[in-house]
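Here is a set of short exercises to work through with the model open beside you. Try each task on your own before reading its solution.

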Amino acid sequence: ETNAPSDETATVEPQAEEVKPQPTYSVVLCCGVPLQNAESYCQNLNERGIKAVVDNSGKFLRVLIPGFTSKEDALTEVRSLRSISKEFSNAWIMEKK
């Protein structure tokens with residue numbers, strides 16, 4: 001017989017596990033352009049309701065739409081953009097691990 005009332009359950013502290021960061025995906029709209037052009041294009045996209053940002057964290061400057069948690073979600077966005085305009089025909093998906 002235990003001293004704990006029957007409606008309570010013992011809490012077990014979870015073991016500390018190494019949590020691997022989940023990959024995220026971005027839709028790249030252009031790459032390798034000068035900063036001023038990237039900022040201007042990004043502003044233009046934002047004014048049209050496309051939540052793009054300038055990313056200079058890699059080897060090349062990029063204008064992208066970040067924050068997709070799955071490749072499928074990013075692909076859906078690429079297809080949607082391509083259906084809007086040929087301007088986005090070269091959009092591609094980048095995975096960040």
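**Exercise 1. Find how β1 is joined to β3, and then trace the other strand pairings.**

Step 1. β1 and β3 run antiparallel and are joined by five bridges. Here, strands (E, at least two residues) and helices (H or I, at least four) are DSSP runs, numbered from the N terminus, and two strands pair if DSSP finds at least two bridges between them. This is a predicted model, in which local features need pLDDT of at least 70 and side-chain atom pairs count only at pLDDT 80 or more, while totals for chains, interfaces and linings use all residues. Residues are numbered from 1 along each chain as its sequence is written, and side-chain values use heavy atoms, with hydrogens and water left out.

Step 2. To place this pairing by residue, look for Val28, whose bridge partner in β3 is Leu64. Tyr25 stands opposite Phe68 in β3.

Step 3. Now turn to β4 (residues 92-96), which pairs with β1 in the antiparallel sense, again over five bridges. Thr24 faces Lys96 of β4 in this arrangement.

Step 4. Finally, β2 pairs with β3 in the antiparallel sense over three bridges. Val53 is opposite Leu64 in β3, and six residues lie between β2 and β3 in the hairpin that they form.

**Exercise 2. Write down the order of helices and strands along the sequence.**

Step 1. Count the elements: there are two helices and four strands.

Step 2. Read along the sequence, they give the pattern β-α-β-β-α-β.

**Exercise 3. Decide which side of helix α1 faces inward.**

Step 1. Check the length of the helix. α1 covers residues 35-47, and at 1.5 Å a residue its 13 residues should span 18 Å, which agrees with end C-alpha atoms that are 18 Å apart. (The expected span is 1.5 Å times one less than the number of residues.)

Step 2. List the buried residues of α1: Ala38, Tyr41, Cys42 and Leu45. They lie on the same side of α1 because they cover an arc of only 100 degrees around the axis. (The arc is that of the directions from the helix axis to the C-beta atoms; buried means under 20% relative accessible area, exposed over 50%, and partly exposed in between, with a 1.4 Å probe and protein chains only.)

Step 3. Look at the other side of α1, where Gln36, Gln43 and Glu47 are exposed.

Step 4. Ask what covers the buried residues of α1: the cover includes β1 (24-31), β2 (53-55) and β3 (62-68). Contact here means heavy atoms within 4.5 Å.

Step 5. See what comes after the helix: α1 is followed by Gly49, which has a positive phi near 85 degrees.

**Exercise 4. Do the same for helix α2.**

Step 1. The 14 residues of α2 should span 20 Å at 1.5 Å a residue, and the end C-alpha atoms are indeed 20 Å apart.

Step 2. Ala74, Val78 and Leu81 are the ones to mark as buried in α2. Their arc around the axis is only 65 degrees, which puts them on the same side of α2.

Step 3. On the face turned away from that buried side, α2 carries the exposed residues Glu72, Thr76, Arg79 and Ser83.

Step 4. The cover over the buried residues of α2 includes β1, β3 and β4.

**Exercise 5. Which residues have the most contacts inside the largest nonpolar core?**

Step 1. A nonpolar core is a set of buried Ala, Val, Leu, Ile, Met, Phe, Trp, Tyr and Cys residues joined through side-chain atoms within 4.5 Å. The largest one has 19 residues, and those with the most contacts inside it are Val27, Leu29, Leu45, Val63 and Ile65. The elements giving two or more residues to this core are β1, α1, β3 and α2 (71-84).

Step 2. Compare this with the strands. Six of the eight residues of β1 are buried, so β1 is largely enclosed by the rest of the structure. β3 is mostly covered too, with five of its seven residues buried.

Step 3. Take Ile65 as an example: not counting residues up to four places away in sequence, the residues that Ile65 touches include Val27, Leu29, Ala52 and Leu81.

**Exercise 6. Is Arg62 buried or exposed?**

Step 1. Locate Arg62 in strand β3.

Step 2. Apply the cut-off: Arg62 counts as buried because its relative accessibility is 13%.

Step 3. List its surroundings. Leaving out residues up to four places away in sequence, Arg62 touches Val28, Cys30, Cys31, Val53, Val54, Asp55, Trp92 and Met94.
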